[in-house]
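Dear colleague,

I am passing on the structure we spoke about, and below it you will find my notes on what turned up when I went through it. Please read them with the structure open beside you.

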Amino acid sequence: MHVTPDHIAHIVQRAKDYGARRLILFGSALETPKDANDIDLAADIPGLEVFLFADNLERELHCAIDIVPLGGDNEEHPFIQYILHKGKNLL
């Protein structure tokens, strides 16, 4: 899949629709968007809505979405710290 600016704009708008406080793009969609196999996102969306957000994006964009919930106690986890430092803030 080639991740385009239009895809990113759609993702950001949908995140806003779900009340996201933060949205971070990381992984291959950030590093090599022309060759990405999926879109890796970290989002601070309340409750289980974060997974509904990802599921709806998969259907709308016809590609795999990997979602990492942000917020709460998980912020100190090394993987979350990696995302926060290496990812691109979209929201």
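Before the notes begin, one term has to be fixed: contact here means heavy atoms within 4.5 Å, and it is in this sense that one part is said to cover or touch another. Please also keep in mind throughout that this is a predicted model.

Helix H3

I would start with helix H3, which covers residues 49-61 and so has 13 residues by the numbering of its run. From its first C-alpha to its last it reaches 18 Å, close to the 18 Å expected at 1.5 Å a residue. Its buried residues are Val 50, Phe 53, Ala 54, Leu 57 and Leu 61, and, seen down the axis of H3, they fall within an arc of 95°, so they line one face of the helix. What covers these buried residues includes helix H1 (5-17), together with strands E1 (22-26), E2 (38-44) and E3 (64-69).

Leu 52 is also placed in helix H3, but with a relative accessibility of 43% it counts as partly exposed, because the buried class is kept for values under 20% and the exposed class for values over 50%. Leu 52 and Glu 76 are 24 residues apart in sequence, and their C-alpha atoms are 24 Å apart in space.

Just after H3 comes His 62, in the loop between H3 and E3, and its phi is near 55°, a positive value in a residue other than glycine. As background, most residues other than glycine have a negative phi. His 62 counts as exposed, at 71% relative accessibility.

The sheet and the helices across it

The strands form an open sheet of four, in the order E3-E2-E1-E4 and with mixed pairing. E3 and strand E4 (88-89) stand at the edges, each with a single partner strand, so one side of each is left without a neighbour in the sheet. E1 runs antiparallel to E2, to which five bridges join it, and E1 also pairs with E4 in the antiparallel sense, over two bridges. Ile 24 shows both pairings, since this residue stands opposite Ala 42 in E2 and opposite Asn 89 in E4. E1 is mostly covered, with four of its five residues buried.

Two helices can be described by how they cross these strands. H1 lies across E1 and E2 and runs at about 150° to E1, whereas helix H4 (residues 78-86) lies across E1, E2, E3 and E4 and runs at about 85° to E1.

The nonpolar cores

In soluble globular proteins, nonpolar side chains tend to be buried together. In this model the largest nonpolar core has 24 residues, and those with the most contacts inside it are Ile 11, Leu 23, Ile 39, Leu 41, Phe 53 and Ile 65. The elements that give two or more residues to this core are H1, E1, E2, H3 and E3, and the largest share, five residues, comes from H3.

Leu 41 gives a good view of this core: leaving aside its neighbours within four places in sequence, its contacts include Ile 11, Leu 23, Phe 53, Leu 57, Ile 65 and Leu 90. There is also a second, separate core of seven residues, which includes Phe 26, Val 68, Leu 70 and Ile 83.

Two further residues

Asp 44 is found in strand E2 and, at 10% relative accessibility, counts as buried. Not counting residues up to four places away in sequence, Asp 44 touches Gly 19, Ala 20, Arg 21, Arg 22, Leu 70 and Gly 71.

Ala 64, by contrast, has its place in strand E3 and counts as partly exposed, at 34% relative accessibility. With residues up to four places away in sequence again left out, Ala 64 touches Asp 38, Ile 39 and Glu 58. The C-alpha atoms of Ala 64 and Leu 90, which are 26 residues apart along the chain, are separated by 19 Å.

With best wishes

Definitions and conventions. Residues are numbered from 1 along each chain as its sequence is written. This is a predicted model: local features need pLDDT of at least 70, side-chain atom pairs count only at pLDDT 80 or more; totals for chains, interfaces and linings use all residues. Side-chain values use heavy atoms; hydrogens and water are left out. The expected span of a helix is 1.5 Å times one less than its number of residues. Buried means under 20% relative accessible area, exposed over 50%, partly exposed in between (1.4 Å probe, protein chains only). The arc is that of the directions from the helix axis to the C-beta atoms. Two strands pair if DSSP finds at least two bridges between them. Axes are lines fitted to C-alpha atoms, for helices over the stretch in contact, and angles run from 0 to 180 degrees between N-to-C directions. A nonpolar core is a set of buried Ala, Val, Leu, Ile, Met, Phe, Trp, Tyr and Cys residues joined through side-chain atoms within 4.5 Å.
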